[in-house]
Amino acid sequence: MSIHRLSIAILLALPNTASAAPPTWPRAQPVWEEGFDSASLPEGWEDQGSGRITLSAGASLPPTARGLAVNVQGEGQAYLQLYNLTPWPHREFPRDTYFSLWLHPNNVQIPPGQAISLVRMRDADWNVMAGVRLRQSSASYELLLELPDGSLDQAAIPIDGDWHEVMLGCRPGDWIGLWVDGAAGPLVSDVSHEADHVRVLLIGKADGHWSGETPSGTLYLD
C-alpha cells in the first residue's frame, strides 16, 4: 500500500507480532481504510462537528479528491466518530492496533500551554485507550501522545506546517506509541487499560470545555 495514497486506516498487527516487543510496524495487516473523496461522509461516521467539519478539495493531499477541514475555533468540540470500526459483524481488536492519517496544521493558532486532541481511541465504555494531541511551539508545532488517564507524555515530536503522516498504536494493557512520517516516536510501556480492545475512533478536535484563550483556524486531515 503506497503511503502517498493512504487516507485513514485501521491496521491490525499480524498474529505473530502480538507478543513482540517493541511494536513491529509496518509488519501489519490492513483491515480497514477510509477515504473522504465523496461529497458526503462515508457510512458509519457520526458528525459531532456542529457544521465545523467539511469535506473539502482544499483539505486534500493529492491524489485524493477531498479531505477533512476541521474548524478548531472556540471552546467546543468538532470531531467525527466511528463507533464500530468494521461493518457487521463488528470486529474487536485485542492485539496491536494502529491508526494512521495525514495531518496538515494549516497555520492554526493554539494558545500556549494548550493542545488539540486530533485522534482518540476509546473502548466501548468511552474510556480513552490512546490519543494524539497537537500543540504550537516556538518553531512550529509538536505532536504528543495522550495517555489513558488524560495526561500527556512529554516526549514531543516537532513537525513543520506541511503534511505529515501520523500513526497511533496501542496494545491493550501493555503499551501505546506514536509514529510520525514513518519514524518511531515515544512509546509508553506498562499502560493500564479498562478494556482489552479498541472499539471507538474519534478524529478532529475531540476535546472541548476550553477556558481562557481558545484555538482558531482550520486544520486538514486526509
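## A tour starting from strand β7

Select Tyr-98 to begin: with a relative accessibility of 1%, Tyr-98 counts as buried. Bear in mind throughout that the model on screen is a predicted one.

**The aromatic cluster.** Keep Tyr-98 selected and add Trp-175, whose relative accessible area of 3% makes this residue buried as well. The whole structure holds 4 aromatic pairs. One of them joins Tyr-98 and Trp-175, in a tilted arrangement with 6.3 Å from centre to centre and 45° between the planes. Because Tyr-98 belongs to strand β7 and Trp-175 to strand β13 (residues 175–180), this pair ties together parts that lie 77 residues apart in sequence. Now add Trp-179: its ring centre is 6.4 Å from that of Trp-175 and the two planes stand at 70°, so this pair is edge-to-face. Trp-179 also counts as buried, at 8% relative accessibility, and Tyr-98, Trp-175 and Trp-179 together make up one aromatic cluster.

**Strand β7 as a whole.** Next, extend the selection to residues 97–104, the strand β7 in which Ser-100 has its place. Here 8 of the 8 residues are buried, so the strand is largely enclosed by the rest of the structure. In a regular strand the side chains alternate between the two faces of the sheet. If you look along β7, you will find Thr-97, Phe-99, Leu-101 and Leu-103 pointing one way, while Tyr-98, Ser-100, Trp-102 and His-104 point the other way.

Which polar contact does the side chain of Ser-100 make? Show the side chain of Glu-165 as well, and you will see the two side chains in polar contact at 3.3 Å. Ser-100 itself is buried, because its relative accessibility is 0%.

**The partner strands.** Display strand β12 (residues 164–171), which pairs with β7 in the antiparallel sense over 7 bridges; within this pairing, Leu-103 stands opposite His-164. Then add strand β16 (residues 218–221), which runs antiparallel to β7 and is joined to that strand by 2 bridges, and where Tyr-220 is the residue opposite His-104.

**The nonpolar cores.** In soluble globular proteins, nonpolar side chains tend to be buried together. The largest nonpolar core of this model has 44 residues, and those that touch the most other members are Leu-103, Leu-118, Val-119, Leu-134, Leu-143, Ile-203 and Leu-219. Centre the view on Leu-118 and display what surrounds this residue: leaving aside residues up to four places away in sequence, Leu-118 touches, among others, Leu-103, Val-132, Leu-134, Leu-143, Leu-202, Ile-203 and Leu-219. A second core, separate from the largest, consists of 6 residues, including Ala-59, Leu-61, Trp-102 and Trp-163.

**A last stop at Arg-52.** Finally, move to the loop between β3 (45–47) and β4 (53–56), where Arg-52 lies. Is Arg-52 buried or exposed? At 19% relative accessibility this arginine counts as buried, given that the cut-off for that class is under 20%. Without counting residues up to four places away in sequence, Arg-52 touches Ala-69, Val-70, Asn-71, Val-72, Gln-73, Gly-76, Gln-77 and Ala-78. Among these, Gly-76 offers a specific point to inspect, since the side chain of Arg-52 reaches the backbone oxygen of Gly-76 at 3.2 Å. To close the tour, draw the C-alpha to C-alpha distance from Arg-52 to Tyr-79, which is 8.6 Å in space for two residues that are 27 residues apart in sequence.

Conventions. Residues numbered from 1 in each chain as written. Predicted model: local features only at pLDDT ≥ 70, side-chain atom pairs only at ≥ 80, totals over all residues. Heavy atoms only, no water. Helix = DSSP H or I, 4+ residues; strand = E, 2+ residues; numbered from the N terminus. Buried < 20%, exposed > 50% of the residue type's maximum accessible area, 1.4 Å probe, protein only. Polar contact = N/O pair within 3.5 Å; in protein donor to acceptor, adjacent residues only side chain to side chain. Phe/Tyr/Trp six-rings, centres within 6.5 Å; stacked < 30°, edge-to-face > 60°. Core = buried A, V, L, I, M, F, W, Y, C linked by side-chain atoms within 4.5 Å. Contact = heavy atoms within 4.5 Å. Pairing = 2+ DSSP bridges.
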